[in-house]
Amino acid sequence: MTNEEGGRVTERQRRVHVDRVSEDLLRGEIVPEAVAEEAADYRWVYLWRWPLRITHWAAAITITLLVVTGFYIGKPYFMTGGEASSHFMMGWARFLHFAAAGLLVAAAIVRVYWLFAGKKYAKWTALFPVTRRDWINLFKMIKYYAMVSPERAPHYLGHNPLQQVSYALIYGVVLVQIITGFAMYGLSNPGGMIYGLFAWVGPLLGGWQTVRFVHHLITWIIVLFIPVHIYLSFRADVMDREGEMSSIFSGGRFVRSDVVYEDE
Amino acid sequence: MFFPTSHPWADGETLGEHLQQRGVDRREFLTFCGEIGAILGLSSLLTPKIAKALTQVQRPSVIWLQLQECTGCVESVLRTSEPTIGDLVLDLVSLDYQHTLMAAAGDAAEGALHDAIEKNRGSYVLLVTGSIPMNEGGIYTMIAGRTVKSILEEVAADAAAVIAVGACAHWGSVQAARPNPTGAVGVSSIVKDKPVVNIAGCPPIGDTVTATVVHFLTFGRVPALDYDGRPTFAYGKRIHDQCPRRAHFDAGQYTQVFDDEAARKGWCLYQVGCKGPACFSPCPIFQWNTRTSWPIGAGHPCIGCTERHFWDTMTPFYKRLPAVAGFGVERTADTIGAALAVGAAAGVATHAVATSIHRARHRKLPVAGQGQAPPAEPGPGAAPPSGKEE
């Protein structure tokens with residue numbers, strides 16, 4: 001940095017400059033675009049404690065791995081040449097798939113525990129629109145996203161009713177995916193523990209090919225969920241400027257002091 | 001009965017004596033007992049027990065009912081290029097009633113059935129091939145003026161063991177495929193008061209039937225069964241896990257079309273629709289036609305014929321996954337899934353564009369240095385982190 005005369009800036013000059021900019025900021029003469037149009041008061045709320053954040057990112061990583069390896073297992077898109085003894089392509093894909101599945105189940109167990117041990121925003125009640133007001137707000141959220149009434153979204157600290165419904169559904173879908181996946185995994189060792197736990201799935205769905213088919217279809221549902229989830233999270237971050245994206249890393253959000261939150 | 005012989009198995013004669021009469025020597029017989037023991041997964045130490053039990057068997061009464069079927073299972077079980085002792089045992093025990101093969105006809109045949117039931121009440125083995133039509137009162141298959149349902153109910157009532165041979169007797173097979181016009185069902189849907197052994201397959205391997213009958217004759221009870229009533233000694237493992245082409249599966253080497261280089265090299269048939277990963281069967285081990293070959297050995301993918309509803313769930317036979325109903329012929333899940341994924345991406349992009357247009361119209365963000373923003377009250381600033389959830 002150089003000063004007006006072109007010389008080097010002293011530490012003292014730098015501090016004065018910073019103070020002046022800060023005063024301008026406070027007077028509202030400079031408002032960086034990153035700050036919303038109104039320099040409202042913000043307060044910090046802590047929403048997601050570490051078990052929830054860890055399970056979220058464990059699920060994000062393992063589901064990505066599961067989708068990539070799963071599509072390979074479903075339709076091998078790489079082939080190897082030469083002797084079979086010198087390759088283990090499908091073997092590794094299946095190993096990664098099963099290892100990731102194990103991690104996902106571990107994360108799911110922690111999440112299910114946290115559904116009961118967690119507080120308000122992570123509790124199982126946060127997955128269902130329980131009150132009448134939540135149901136009304138569910139339709140308000142749909143109208144908001146459908147841009148029917150784009151200005152009037154109900155404000156929630158935790159999950160809004162549309163999130164509640166969609167996360168409950170995606171949890172259910174992942175549960176079916178886990179059950180059908182382990183049912184097929186158990187087939188390689190009939191009489192083993194996993195086979196014993198999940199062998200009922202085949203007859204229930206009418207055959208192992210149907211189990212495979214359901215597993216494959218649900219993969220697509222999860223693949224559809226991911227871009228919508230990421231888009232809406234970034235969108236909320238951009239529209240509300242309340243640190244929605246930050247909350248899944250840091251656990252908390254800065255929210256406006258003047259907004260009334262439905263679930264506070 | 002099937003081989004013309006001057007030495008029919010007489011009442012009171014044991015199987016051992018009778019086999020000797022038929023020219024089977026002790027060595028051959030023990031070899032047979034060892035083979036059957038191996039198929040059943042028994043220790044070779046038990047071979048003498050099997051031999052002893054079999055030699056002492058009095059002529060058992062077996063009634064073989066053929067219902068709504070194509071007779072293919074009978075062909076598979078009875079016709080081999082060279083008759084083995086196993087066939088002989090089966091032929092011998094199948095004496096009392098087998099309407100395709102027996103010499104008698106009409107009243108004489110039906111009389112033989114009723115005599116067999118009367119004489120051996122509670123001790124005969126019932127083998128069934130073919131399904132039971134239920135629609136319209138079961139009129140789609142009638143024998144001697146009776147529906148096969150009533151015949152099966154009558155004969156099964158006094159049977160010591162019921163063995164359903166083949167996919168038809170197991171669950172209905174092709175007759176029971178959608179839309180199942182005759183309402184065909186398997187034996188276990190009719191016979192509910194005793195365990196039904198399902199020798200699954202379309203057709204099943206003869207050795208499996210022989211081994212099951214030998215197990216019953218030796219131990220006096222049917223072998224251990226899986227969740228679908230199939231003997232675990234034969235149906236306890238997937239084809240996929242016993243397949244000689246498994247190394248190519250694990251390596252990632254697949255036949256893409258039937259006449260490609262990979263097919264000539266004998267690579268895995270997974271991509272041309274092999275249902276081995278979904279099918280429990282002893283085919284790779286027992287093989288067919290006196291252990292000559294089997295479908296995958298001959299370069300054809302498994303169609304999963306030992307599994308329930310395979311005509312509906314394993315089709316298309318040359319595709320990995322079932323077609324999606326309501327989306328036209330053989331529209332795959334991947335085509336639809338990819339279309340939806342593209343649709344979702346397009347929807348997200350459209351929504352993002354709509355959002356930014358809306359923002360540009362209705363929200364004027366201040367730009368640095370222009371001072372358009374309303375002057376804000378210098379507030380107390382952000383509250384310190386509370387550090388706890390509400």
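# Exercises on a two-chain model

In α8(A), the buried residues are Trp208(A), Gln209(A), Thr210(A), Val211(A), Arg212(A), Phe213(A), His215(A), His216(A) and Thr219(A). Buried here takes 20 or more other C-beta atoms within 10 Å of a residue's own, exposed takes 12 or fewer, and partly exposed is in between, with C-beta atoms placed from the backbone. Helices (H or I, at least four residues) and strands (E, at least two) are DSSP runs, numbered from the N terminus.

You're looking at a predicted model, in which local features need pLDDT of at least 70 and side-chain atom pairs count only at pLDDT 80 or more, while totals for chains, interfaces and linings use all residues. Residues are numbered from 1 along each chain as its sequence is written, and chains are lettered from A and ligands numbered from 1 in the order in which they are written.

## Exercise 1: a helix in chain A

Compare the reach of α8(A) with its expected span, and look at what follows the helix.

*Solution.* Start with the residue count: α8(A) covers residues 208-240, so 33 residues. The expected span is 1.5 Å times one less than the number of residues, and that comes to 48 Å. From first C-alpha to last, α8(A) reaches 47 Å, close to that value. Next comes Arg241(A), with a positive phi near 55 degrees.

## Exercise 2: the strand pair of chain A

Place the two strands of chain A in the order of elements, then describe how they pair.

*Solution.* Chain A has nine helices and two strands, and from the N terminus they run α-β-α-α-α-α-α-α-α-α-β. Two strands pair if DSSP finds at least two bridges between them; β1(A) (residues 42-46) and β2(A) have five, and run antiparallel. Trp44(A) sits opposite Phe254(A) in β2(A). Now check the side chains of β2(A), residues 252-256: Arg253(A) and Val255(A) point to one face and are buried, whereas Gly252(A), Phe254(A) and Arg256(A) point to the other and are not. Over the whole chain, 24% of the 264 residues count as buried.

## Exercise 3: the sheet of chain B

Work out the strand order of the open five-stranded sheet in chain B, and say why two strands count as edges.

*Solution.* Begin at β1(B), residues 62-66, where five of five residues are buried. Val62(B), Trp64(B) and Gln66(B) point one way, and Ile63(B) and Leu65(B) the other. On one side, β1(B) pairs in parallel with β3(B) (residues 124-129) over five bridges. Here Val62(B) stands opposite Val125(B), and Ile63(B) opposite Leu126(B). Two bridges also link β1(B) to β2(B) (residues 97-98), again parallel, with Ile63(B) facing Tyr97(B). Carry on and you get β2-β1-β3-β7-β9, with parallel pairing. β2 and β9 (196-199) of chain B each have a single partner strand, so one side of each lacks a neighbour in the sheet.

## Exercise 4: the nonpolar cores

Find which residues touch the most other members of the largest nonpolar core.

*Solution.* A nonpolar core is a set of buried Ala, Val, Leu, Ile, Met, Phe, Trp, Tyr and Cys residues joined through C-beta atoms within 7 Å. The largest has 97 residues, and Leu126(B), Val128(B), Leu152(B) and Val162(B) touch the most other members. Its largest share, six residues, comes from β7(B), residues 159-165. Apart from this core lies another, of eleven residues, including Tyr42(A), Trp48(A) and Leu157(A).

## Exercise 5: domains and confidence

Describe how the two assigned domains of chain B meet, then decide where to read the model with care.

*Solution.* Domain bounds come from an automatic or database domain assignment, which gives domain 1 (15-235) and domain 2 (237-342) for chain B. Their C-alpha centres are 30 Å apart. Contact means C-beta atoms, placed from the backbone, within 7 Å; 17 residues of domain 1 contact 14 of domain 2 in chain B. On the domain 1 side, α9 (206-219) and α10 (232-235) of chain B each supply at least two residues.

For confidence, use pLDDT, the predictor's per-residue score from 0 to 100. Chain B averages 82, with 84% of its residues at 70 or more. Among its elements, α5(B) (residues 85-93) has the lowest mean, 59, and β4(B) (residues 132-133) the highest, 96. Over residues 371-390 of chain B, pLDDT stays under 50. Where pLDDT is low, the predicted coordinates should not be read in detail. For the complex, the predictor gives an ipTM of 0.80 and a pTM of 0.81.
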